[in-house]
Amino acid sequence: MSNLKIKVLVSMVATALALTSCAQMAEKSTSANNSNTTSAVNKLPIIQAVLTHAPNVPEQITRNYSAKVVVNMETQEKIMRMADGVDYMFWTFGGQVPGQFIRVREGDEVEFNLSNSPDSKMPHNIDLHAVTGPGGGAASSFTAPGHTSVFSFKTLNPGLYVYHCATAPVGMHIGNGMYGLILVEPKGGMSKVDREYYVMQGDFYTKGKYGEAGLQPFDMEKAIKEQPDYVVFNGSVGALNGEKALTAKVGETVRLFVGNGGPNLVSSFHVIGEIFDKVYVEGGATENKNVQTTLVPAGGAAIAEFKVEVPGTFIMVDHSIFRAFNKGALGMLKVTGPEDKIIYSGKQADKVYLPEGSAAQSIANKQTTDTTKSLSKDEQIAQGKNVFESNCLACHQANGEGVPNAFPPLAKSDFLNADHNRAINILLHGRSGPITVNGKNFDSVMPAIALNNGQIANVLTYVINSFGNNGGQVTPAQVDKQRKVAPVANDNEHG
């Protein structure tokens, strides 16, 4: 072989070796870059999510960086209170209805661990409306009893979002209470407020009618027809009433995270005596100001903010109003602090206009048949409380104190304790005109109440054994007897 050919061959081999070396270096470089990207993702700080039960919410997020947030949640099926004397087998996220509140930040990477209790009878999953991906995570989180599913997602869009179970039949899982809220705070954070609360509406369908005692099963036929027996805030009648009421002080700002699990009804959310300074419509970025009532669709949410400027008890309702006073969609915000008579004077005159020849209002009562079984006194008190909260609470208040200068108190009432039959008669037939209770004069109208004998007996038994009254028991037979008696005279007797 000539020297020239040998030199050419050596050059070709050297070139090949050089190209191979360059390719190997490039591969190493690419590998190193990929490793750095993965490393950067893995180096996100890991935060364990703080989950809270309604009406509480986790503290506002103060960090200005993204994180990997680990959420651990368990589905449970458990019997809990729907109303006094009424139980229901709820299906839950975290053991309560609504499910636990989740608070994360825009840009976070969320690792979701969904466990299904070994005691569950059904498989469950979760569809988070904050997730960008098929089923909102439902397909990735289908979990049999005694198992845990894990999936991850990135929070791309800020807002307040509903989550719910999406296992078939989806409506039944939601209708049994499987829903909650996840808040994705914007990167810039949210404005500071003094109080934040979590309120979520749901409609429930039971075999028995509203207030019917015992363990009530789910009624699929009513659910399909969209005829709920209960429409409630935070999972049960009275969940936000009395000692469980939300609280605030005069001058404070309140932010309500309001959700609607449905499964069917749209909510007309309203706080009686307040105007929302700002509403984030449907939980998104659009702000509406000076809002009286905001629509919250089934599977939707809203954020309502307002400042409380006078003291008192402010009633939260679904303003499809029979739901509030007859199906349970009623809660309370109790505000304490100094009065401001310029903003709200209270009653300045106390007169009733009854034209000559007029009669007391009445509500037609076709429900006169006594369907109540023989109950013990304690059972009557339990069921009577439910009747009171549905029919009497708005006027006479949760503690029986009434409304000054408008509705007389039931608490420690000399009028009530003096004559139970008279009280029965008033509930049956109504009453108008002046009345003196506990030394104070009232001039108002009490309409007849459309309740059956058992319901009237129960509510009066509850009242006379509550609020510092003298006790006793009213029977359906006593009520039936008073149905045949003429209405009480509009005198000023107080007993």
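1. Asparagine 452 caps the N-terminal end of helix H9, with a side-chain oxygen 3.1 Å from the backbone nitrogen of glycine 454. This contact, like the others in this note, is read from a predicted model.

2. Helix H9 itself covers residues 453-464, 12 residues in total. From first C-alpha to last it reaches 17 Å, close to the 16 Å expected at 1.5 Å a residue.

3. H9 is mostly covered, as 11 of its 12 residues are buried. The buried set includes polar residues such as Asn453, Asn458 and Thr461, together with Ile456, Val459, Leu460 and Ile464. Glycine 454, whose backbone nitrogen takes part in the cap, is also buried. Included in what covers the buried residues of H9 are helix H5 (377-391), helix H7 (414-418), helix H8 (420-429) and helix H10 (476-482).

4. Helix H8, one of the elements covering H9, is largely enclosed by the rest of the structure, because 7 of its 10 residues are buried. These are Arg422, Ala423, Ile424, Asn425, Ile426, Leu427 and Leu428.

5. Both ends of H8 merit a look. At its start, a side-chain oxygen of aspartate 419 comes to within 3.1 Å of the backbone nitrogen of asparagine 421. After the helix comes glycine 430, which has a positive phi, near 80°.

6. Strand E21 (residues 330-336) has 5 of its 7 residues buried, so the strand is largely enclosed by the rest of the structure. E21 pairs with two strands described here. With strand E13 (residues 246-249) the pairing is parallel, over 4 bridges, and lysine 249 has threonine 336 of E21 as its bridge partner. With strand E20 (residues 312-318) E21 runs antiparallel, joined by 6 bridges, and methionine 316 stands opposite glycine 331 of E21.

7. The largest nonpolar core has 30 residues. Phe101, Leu160, Leu181, Phe204, Tyr230 and Phe257 have the most contacts inside it. Two or more residues of this core come from each of strands E2 (68-83), E3 (86-93), E8 (159-164), E9 (179-185), E10 (195-204), E12 (230-233) and E19 (300-307).

8. Another core, of 29 residues, lies apart from the largest one. Among its residues are Ile315, Leu330, Ala411 and Ala423. Ala423 is one of the buried residues of H8. Leu330 falls in E21 (residues 330-336), and Ile315 in E20 (residues 312-318). In soluble globular proteins, nonpolar side chains tend to be buried together.

Conventions: Residues are numbered from 1 along each chain as its sequence is written. This is a predicted model: local features need pLDDT of at least 70, side-chain atom pairs count only at pLDDT 80 or more; totals for chains, interfaces and linings use all residues. Side-chain values use heavy atoms; hydrogens and water are left out. The expected span of a helix is 1.5 Å times one less than its number of residues. Buried means under 20% relative accessible area, exposed over 50%, partly exposed in between (1.4 Å probe, protein chains only). Contact means heavy atoms within 4.5 Å. A polar contact is a pair of N or O atoms within 3.5 Å; within protein, one must be able to donate a hydrogen and the other to accept it, and residues adjacent in sequence count only if both atoms are side-chain atoms. A nonpolar core is a set of buried Ala, Val, Leu, Ile, Met, Phe, Trp, Tyr and Cys residues joined through side-chain atoms within 4.5 Å. Two strands pair if DSSP finds at least two bridges between them.
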